Amino acid sequence: MRKYVIMGVQGSGKGTQSTLLARDLDLAHISVGDIFRWHVQSHTKLGAQTRRVMAAGELVGDDLVEKVVRDRLEQHDWNYGFIIDGFPRNRRQAEFFLESYDIDGVVHLELPEEEVRRRVLARRLCARCGMDYNLIAHRPKESDRCDVCGGELVPREDDTPQALASRLRDYHDKTNPVLDLFRRKEYVVTVDARPEKVSVQREIRARLGLPPYEP
Ligand code: AMP
């Protein structure tokens, strides 16, 4: 059983790298942002409570976040472990998490700010099926149409320059202290997120002592 956390600024490839790792190691990939986006798209009560905060690029309240994470992990569909992405984002969330779960490692993806801006503003999402695209690294075959379902590709509501600035500020103020806390427990491996995704995945596996990645 392996339990990992992946952290990094917006656009550093947390989702992509978690998916690659989860697929090979049979881990459950838990993206807290995806869970919230699902609630917004599905017009649930939780979606109504979080939509505006998310669109502004602000953090959802800790009580709601902790409930979502607890409910998700209580499904116990993670026999081989999990990789959690987008959580914890501040000290209180980290303490809540460490009280209930022991973890094997924290992957920290590092990316300079100019590159964050370039990547995030190129990000697109299928309005119908939720598939992720990027106009730099993962272009759709037909512009503005999803390759899988033909749905319209739209920017994420929180990928505006203003919302990005707010998220970067939060990341530095609130998430960096979480990294410090994890570093003290010697959980953290920091990986340069600038190379293409296969090299980043190989580096993550080498640093976690896992078998090499074979695409
Ligand atoms: P992400 O896809 O990880 O960037 O998350 C999208 C949005 O969901 C964030 O901007 C927050 O509004 C919310 N969110 C996701 N994870 C958390 C968290 N751990 N704490 C608070 N808000 C979160």
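How many bridges pair strand β5 with β6, and in which sense do the two strands run? Strand β5 (residues 123–126) and β6 pair in the antiparallel sense, over 3 bridges. That is one piece of this predicted model, and the sections below walk through the sheets, the ligand and a few residues worth finding in your viewer.

## The open antiparallel sheet

Strands β6, β5 and β7 form an open sheet of 3 strands, in the order β6-β5-β7, with antiparallel pairing. Its edge strands are β6 (132–134) and β7 (153–154), each of which pairs on one side only. To find the register between β5 and β6, look at Arg-123, which stands opposite Asn-134 in β6. As general background, strands of a sheet pair through backbone hydrogen bonds, either parallel or antiparallel.

Tyr-133 sits in strand β6. Is Tyr-133 buried or exposed? Its relative accessible area is 3%, so Tyr-133 is buried, since buried means under 20%. Beyond its neighbours within four places in sequence, Tyr-133 is in contact with residues including Ala-122, Arg-123, Arg-124, His-138, Cys-146 and Leu-153. Asp-147 is also among the contacts of Tyr-133, and here there is a polar pair to look for: a polar atom of the Tyr-133 side chain lies 2.8 Å from the backbone nitrogen of Asp-147. For a sense of scale, the C-alpha atoms of Tyr-133 and Arg-52 are separated by 23 Å, with the two residues 81 apart along the chain.

## Strand β3 and its parallel partners

Now turn to strand β3 (residues 81–85). Why can β3 be called largely enclosed by the rest of the structure? Because 5 of its 5 residues are buried. In a regular strand the side chains alternate between the two faces of the sheet. In β3 both faces are covered: Gly-81, Ile-83 and Asp-85 are buried on one side, and Phe-82 and Ile-84 are buried on the other.

Two strands pair with β3 in parallel fashion. Strand β1 (residues 2–8) does so over 5 bridges, and Ile-6 stands opposite Asp-85 in β3. Strand β2 (residues 28–31) runs parallel to β3 and is joined to it by 4 bridges; here Ala-28 has Phe-82 as its bridge partner in β3.

## Around the ligand

The ligand has 16 residues around it, and those that come nearest are Arg-37, Glu-58, Val-60, Gly-86 and Gln-93. By type, the shell divides into 7 nonpolar, 3 polar and 6 charged residues. Helix α2 (residues 32–41) gives the most to this shell, with 4 residues.

Three polar contacts are easy to look up. An N or O atom in the Arg-37 side chain is 2.9 Å from an oxygen atom of the ligand. The Arg-156 side chain likewise places an N or O atom 3.2 Å from a ligand oxygen. At Val-60 the backbone takes part, with a polar atom 3.0 Å from a nitrogen atom of the ligand. On its own the ligand has 470 Å² of accessible area, and the protein covers 97% of it.

## Two buried polar residues

Gln-10 lies in the loop between β1 and α1 (14–25). With a relative accessible area of 6%, Gln-10 is buried. Setting aside neighbours within four places in sequence, Gln-10 is in contact with Arg-89, Val-116, Val-120, Arg-123, Leu-164, Arg-167 and Leu-168.

Thr-175 belongs to helix α7 (residues 161–184) and counts as buried, at 3% relative accessibility. Its contacts outside the four-place sequence window are Met-7, Pro-88, Arg-89 and Asp-170.

## Backbone details to check

Most residues other than glycine have a negative phi, and most peptide bonds are trans. With that in mind, a few spots deserve a look. A cis peptide bond joins Phe-87 and Pro-88, with omega about -5 degrees. Pro-88 lies in the loop between β3 and α5 (91–100).

Asp-26, in the loop between α1 and β2, has a positive phi near 60 degrees although it is not a glycine. Asp-144 is another non-glycine residue with a positive phi, about 65 degrees. Asp-144 is found in the loop between β6 and β7 and is partly exposed, with a relative accessible area of 42%.

Technical notes
Residues numbered from 1 in each chain as written. Predicted model: local features only at pLDDT ≥ 70, side-chain atom pairs only at ≥ 80, totals over all residues. Heavy atoms only, no water. Near = heavy atom within 4 Å. Polar contact = N/O pair within 3.5 Å; in protein donor to acceptor, adjacent residues only side chain to side chain. Areas by Shrake-Rupley, 256 points an atom, 1.4 Å probe, with all protein chains shown as cover. Nonpolar A, V, L, I, M, F, W, Y, C, P; charged D, E, K, R; others polar. Buried < 20%, exposed > 50% of the residue type's maximum accessible area, 1.4 Å probe, protein only. Pairing = 2+ DSSP bridges. Contact = heavy atoms within 4.5 Å.
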